[in-house]
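Me: Please give a close account of the salt bridges in this model, with their setting in the chains.

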Amino acid sequence: MGDADLTESVCASVRSAYERNAPIEVVGGGSRRDFGRAPIGEPLSLAGHCGIIGYEPGEYVITVRSGTPIADIEAAVAAHGQMLLAELPRADQRSTIGGAVALGLTGPGRPYRGSLRDAVLGVRVVTGTGQLLRFGGQVLKNVAGFDVSRLMVGAYGTLGVLLDVTLRLAPRPEEEAVRILHCDWPAACSRLLHWSGRLPLSGASYYGDHLRVRLSGDGALVARAAAQIGGDAAPIGEFHALRDLRLARLQTPAVALWRVLVPPATPLGPAESIIDWGGAQRFWATAEAAATVRQFASDRGGQAVWLKGPDRGGDVWPVSSIATLALLGRLKGALDPHHVLNRGRLFPAW
Amino acid sequence: MQYTRMEGFPVSPTLPGAFWRALRKVLPGDGLLVKSGELGAYECDGLTLYKVRPLAVALPRTREQVGAILRLCNQYSVPVVARGAGTSLSGGALPRPDGIVLSLARLDRILAIDTANRTARLEPGVRNAAISEAVAAHGLFYAPDPSSQIACTIGGNVAENAGGVHCLKYGLTLHNVLAVKMFTPDGVLHEFGGPTAEGPLGVLALVVGSEGLLGVVVEVTVQLKPRPQCVIAVLAAFPSLAQAAAAVQSVIAAGIVPAGLELMDKLALEAAGAYTGQHYPPGTGAVVLAEVDGSEEACAAEHRQLRALLEAQGAFAIEEAHTDAERALLWAGRKAAFPAVGRLAPDYYCMDGTIPRRALVGVLTEIGALSAQYGLPVANVFHAGDGNLHPLILYDARRPGELARVEELGNDILKLCLAQGGTITGEHGVGVEKLDGMCAQFSPAELVVFHALKAAFDPYTLLNRGKAIPTPARCVEPGGMHVHGGRMPFGRLERF
Ligand SMILES: Cc1cc2nc3c(=O)[nH]c(=O)nc-3n(C[C@H](O)[C@H](O)[C@H](O)COP(=O)(O)OP(=O)(O)OC[C@H]3O[C@@H](n4cnc5c(N)ncnc54)[C@H](O)[C@@H]3O)c2cc1C
């Protein structure tokens, strides 16, 4: 794994961009530049800013530079029988932890092991003025100051250039297994409700009329749970493919890919490609108009988030009101007053 | 500041009668308190050291009234302090002499319980314990359980990002809240979060724990959890504090996440024993209290592993509780520890720093050395599993100069926490009393960003003005909780 500290040069680049009012596109491994709107600006690569800064296995906490590939971090902690607490999607071996924080996505383990946002304990960032700041820390409980580190998660790099991040870890499960069952969605929902809290679930997806359940933990517990669930065994790789959005149903570059976030027991929608997170996150690869997808979600008390697609002109997130959009704009102004960071990537006016 | 009375209302020279008339119109009947006799109950929160009488207390029953009150205060530049149950231990709900208190206590309806999705939609004044009570029949519970839970409100929990004994496994308020509806001080309603607690930017995470500085929360959607089938509590006695702390470190390092993992030292045990009559085995230097829960099988497996680890680390006596009644007995000393310690000395001062768990043995040893050096006894009773210390410094405020030395010792302890990569407050908040610690933890540039974020929500600093984020000029005050004469605020409540 590489080990290099580019803090000074990143600060200088952003400072200069701020002074010249010249936007920059923050790039990690470059593997997910197609997510979100197309940003305007000179690329600033963080891939060279990599390496582990601090790792205390006994504490289940690691601090890494933002350009470190997710796969490298996983390998380093796996050597101590550990894994990242939050399951992180990636496009390929290049995908960095900085990119993961910017996109804010969490894999199928989200309902059971928590979100990436919750696994972030602290960050060091360079704000849009080129200032180097530290927020949060290395401890689980910390209520001093506003939680700026978690504000960064899912901000598409528009509030600060992430330099390093402190993340929670967990022990690697002794055993993992996947069971697949044929059933309709309402039946799948009631089964999941019954199993959660009783069985060692670590993922639950539904597509092609099949419920797929991942189990993780103590070997005996997993075996017993698998027997209780029934169905057939399936390869664990299916959940990795789901995590990384590699499943064939999502390989549809001609149309938009959406995350539709709804209460988990919501009935099937018209265009669901895959249901993840036990029902709460649904991927739609669809040519439907953005307004239709957003309406479906909001009618059910949810949100439709546009991930990627051929038309990069729309909004990534729906915003409930103009006043809220203005408030978010003021937040942006507080951290990146000249809008130099990833200009246009999240909202057209940013 | 001097206030004259007009039309039965207190008014400042800059606050016209029109403000009061309009406010009265929004809050007819008993919705507005202005008489000094009625205001007394709102002068302070759980940190009774500070007392300030507000101009008035508004007690709305609807969110529309909340919006109207805020618009009026915005129009007339009147500072507002939102208040839930007033149990804050950092002066978060302390009023301002030139402003009003906006109590959310009457917005206390449970708006919806959704068992299929395991969520509840609540008004901010719903008491924490009322949530679990309301959903118990469905086999569900709301996990964050601050020991003030029979009194404190979900709105106050959101403001403070409250934790509890079970937050090691189940997370803090932040991890159990899906969405909030909140008024900014201009009276505009915003919604943050959603079914998966996400939104553009992590604004929900910014709002939770913002100590009422960014807006007034009028609705909270929380995630509910299925009640565990099995709960086992374990009390392990160790010959020394260092061994007990090492045992906690080894449990954490083994990757076990108990529902709770608490530690009490000798002084705390002596106090608790005298208070509750609970006996600890002779030769006990410290105890570790742990609780495991889950399915029968998972619980049994974790329990075996935990017991083996505690024994390997030198636990010489272990008691267990498998039923609710047994568990209550085992926890009795822990729950009574704060008031019990309050009997050992005329005063004590409670710290709230957090450290990485690997530093527990070292920091506790150093605190012991500092205690000897200052000649001030320190009792430790705290959330060891997540590294959240509550050193209680015993003293007598009547002795000249003693309080100053206590504050010096307190600052030394906070410095120890910061030096280990920790924080000045794990759960009680900054409020009015840890402003100087903020200066130690954050750089001036970071504080400037905090102020800029506040201004994005509250450009005229109407909400909780002067709290939580110090201006450079304020970087002088010591932090901690003062208790005088063994009197604790909310003496009826269990303490953790
Ligand atoms: C005996 C005792 C034990 C305690 N134990 C714990 C514990 O175990 N863990 C823990 O974390 N804390 C604990 N606390 C501290 C306290 O109970 C918590 O901070 C609690 O969350 C405060 O809730 P409240 O309703 O009393 O809020 P208040 O004290 O009324 O207010 C707290 C802050 O929140 C703001 N606020 C209140 N309501 C709103 C709203 N609707 N919108 C915006 N801002 C609002 C106020 O302005 C204030 O800044 C304890 C306190 C006591 C007295």
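Reply: The account below begins with conventions and the two chains, then turns to the salt bridges and ends with a charged surface patch.

This is a predicted model, in which local features need pLDDT of at least 70 and side-chain atom pairs count only at pLDDT 80 or more, while totals for chains, interfaces and linings use all residues. Residues are numbered from 1 along each chain as its sequence is written, chains are lettered from A and ligands numbered from 1 in the order in which they are written, and side-chain values use heavy atoms, with hydrogens and water left out.

Chain A contains eleven helices and 16 strands; helices (H or I, at least four residues) and strands (E, at least two) are DSSP runs numbered from the N terminus. Its C-alpha atoms occupy a box of roughly 60 × 50 × 35 Å along the principal axes. The radius of gyration of chain A is 20 Å, in agreement with the value near 20 Å for a compact globule of 350 residues. That radius is taken over C-alpha atoms, and the globule rule is 2.2 Å times the number of residues to the power 0.38. Of the 350 residues in chain A, 60% are buried; buried means under 20% relative accessible area, exposed over 50%, and partly exposed in between (1.4 Å probe, protein chains only).

Chain B has 16 helices and 21 strands, and its C-alpha atoms fill a box of roughly 70 × 60 × 45 Å along the principal axes. For its 496 residues the globule value is near 23 Å, and chain B agrees with 23 Å. Buried residues account for 63% of chain B.

Over all chains, 41 salt bridges are counted, each being a side-chain nitrogen of Lys or Arg within 4 Å of a carboxyl oxygen of Asp or Glu. One of them pairs E56(A) with R358(B), with the closest N and O atoms 3.7 Å apart. E56(A) belongs to strand β3 (residues 52-56) of chain A and R358(B) to the loop between β18 (347-350) and α13 (360-374) of chain B, so this pair joins two chains. Both partners are partly exposed: E56(A) has a relative accessible area of 37%, and R358(B) has 33%.

A salt bridge also connects E427(B) and K141(A), at 2.8 Å from N to O. This pair too crosses between chains, running from the loop between α14 (402-419) and α15 (435-441) of chain B to the loop between β7 (132-136) and α6 (148-151) of chain A. Both E427(B) and K141(A) are buried.

Within chain A, R124(A) and D164(A) form a salt bridge whose closest N and O atoms are 2.8 Å apart. The two residues are 40 apart in sequence and link distant parts of the chain, with R124(A) in strand β6 (residues 120-126) and D164(A) in strand β8. R124(A) is buried at 14% relative accessible area, as is D164(A) at 5%. Elsewhere, E74(A), R90(A), R243(A), D244(A) and R246(A) are linked in a network of salt bridges.

The surface also carries a patch of negative charge, formed by E174(A), E175(A), E176(A) and D218(A). Patches are made of residues with over 30% relative accessible area and no salt bridge, like charges being joined within 9 Å and nonpolar side chains (Val, Leu, Ile, Met, Phe, Trp, Tyr) within 5 Å. Within this patch, E174(A) sits in the loop between β8 (161-171) and β9 (175-182) of chain A and is exposed, with a relative accessible area of 61%.

Technical notes
Areas by Shrake-Rupley, 256 points an atom, 1.4 Å probe, with all protein chains shown as cover. Lys, Arg positive; Asp, Glu negative; His and termini not counted. Charge placed at Lys NZ, Arg CZ, Asp CG, Glu CD.
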